[in-house]
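Me: I would like to learn how to read burial, helix faces and charge pairs in a model of this kind. Could you take me through them one at a time?

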Amino acid sequence: MTTFWSLWIIVITVGTLLGCAALLVWCVKDKTGVEEGKDMGHEYDGIREINNPLPKWWTYLFIGTFVFAAIYLALYPGLGNFKGLLGWQSSDQTVRSLTASKASIEAAQKNRALVQYAKELDDAQSYFGEEFKKLAYQSGGTDLRPLPDIAADSDALNVGQRLFLQNCAQCHGSDARGQKGFPNLTDEAWLYGGEPEAIITTIRHGRIGEMPSWKEALGEQGVKEVVSYTLSLSGRSVNAREAEAGKTRFVVCAACHGTDGKGNPAVGAPDLTDQYWLFGGSRADVTETVMHGRSGVMPAWLDILGEDKVQLVAAYVWSLSNSDTME
């Protein structure tokens, strides 16, 4: 914060407190010239005004709020750039990366600095850390439990669901059904594979997917033909002549999607023969995809959640599309 804005906040804060204090002093002093408890000579709707002072308890309570404000502003940050005598802060606002954030948190925990975020993480780890490990690892061992075993444990599955809601629902939705551009995790369409290890790898290390733009290479007519052929792969009714021409041009797409259009989980290329469309399956949506390309990033969660929580989230995600095998 610049010096100007720091001073601006200090002036407004202190000025408001002093103004309220002056108003209280003015109200406490009797300037009416009428003896306390006597009639002021005013009447409205049958109600007479009596010269009664402010209640003592109310006045003392008001004074108490000033004392509290002075102590609070001295101990905690609030007056511009003043950090407070205790050195407390909600979090380190200087970090700009995950690595810097982790280093800042570790330093705060090690030095017992009054950083609220670091303290809450430390408290949570102390309170819940062992419980997470019990649910994610084999009993008494160091090997992680297989996802089907975790999914069959109702306690572990409930914890995995809550971790999902806290960290994954922003993109995939609270029901995990996704939205345009974010995969539905409850169906059978998996860009990188729906096997347990594939799901764990995705959550651990994240994914970066990119569909290049083909507008320059194919031209508008070429894009139109490729779109027609692509839609025909999933049984859609299209112009047969365009689809036939698009089949020849599809060779540039086959490198990722395969000659049969069934995709390739190794590179995250979707199956074009089913009815699942990540960015929409209308002709306009598919044309947009081929014309301008698509890009997407799934962040890595290992450094954020840790191995045990990754395992619990992965088990919950796996269970969403494998409920029949769990019965």
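Me: At 30% relative accessibility, does Arg249 count as buried, partly exposed or exposed, and what is the reason?

Reply: The model is a predicted one, and burial here is read from the relative accessible area, with buried meaning under 20%, exposed over 50%, and partly exposed in between. Because its relative accessibility is 30%, Arg249 counts as partly exposed.

Me: Which side chain does Arg249 meet in a salt bridge, and which parts does the pair tie together?

Reply: Side chains of opposite charge can pair when their charged atoms come close. In this model the side chain of Arg249 meets that of Glu225, at 2.6 Å from N to O. Arg249 belongs to helix H10 and Glu225 to helix H9, so the pair ties together parts that are 24 residues apart in sequence. Glu225, at 11% relative accessibility, counts as buried.

Me: Where do the buried residues of H10 fall when the helix is seen down its axis?

Reply: One first lists the buried residues of helix H10 (residues 240–249), which are Glu242, Ala243 and Gly246. Seen down the axis, these buried residues fall within an arc of 95 degrees, so they line one face of the helix. That buried set packs against helix H9 and helix H12, while Ala240, Arg241, Glu244 and Thr248 are exposed on the other side of H10. At the N-terminal end, Asn239 caps H10, with a side-chain oxygen 2.9 Å from the backbone nitrogen of Arg241.

Me: Which side chain meets Asp285 in a salt bridge, and how many residues apart are the two?

Reply: The partner is Lys180, at 3.0 Å from N to O. This pair links distant parts of the chain, with Lys180 in the loop between helix H7 and helix H8 and Asp285 in helix H12, 105 residues apart. Lys180 is exposed, because its relative accessible area is 54%, whereas Asp285, with 17%, is buried.

Me: What does Lys309 have for charged and polar neighbours?

Reply: A buried charge should be checked for a partner, and the salt-bridge cut-off is 4 Å between a side-chain nitrogen and a carboxyl oxygen. Lys309, in helix H14, is buried yet has no salt bridge, the nearest side chain of opposite charge being that of Asp308, 4.4 Å away. The backbone oxygen of Leu305, however, lies 3.3 Å from a polar atom of the Lys309 side chain. Leaving aside residues up to four places away in sequence, Lys309 touches Gln125, Phe132 and Leu163.

Key. Residues numbered from 1 in each chain as written. Predicted model: local features only at pLDDT ≥ 70, side-chain atom pairs only at ≥ 80, totals over all residues. Heavy atoms only, no water. Helix = DSSP H or I, 4+ residues; strand = E, 2+ residues; numbered from the N terminus. Buried < 20%, exposed > 50% of the residue type's maximum accessible area, 1.4 Å probe, protein only. Lys, Arg positive; Asp, Glu negative; His and termini not counted. Polar contact = N/O pair within 3.5 Å; in protein donor to acceptor, adjacent residues only side chain to side chain. Contact = heavy atoms within 4.5 Å. Arc of directions from axis to C-beta.
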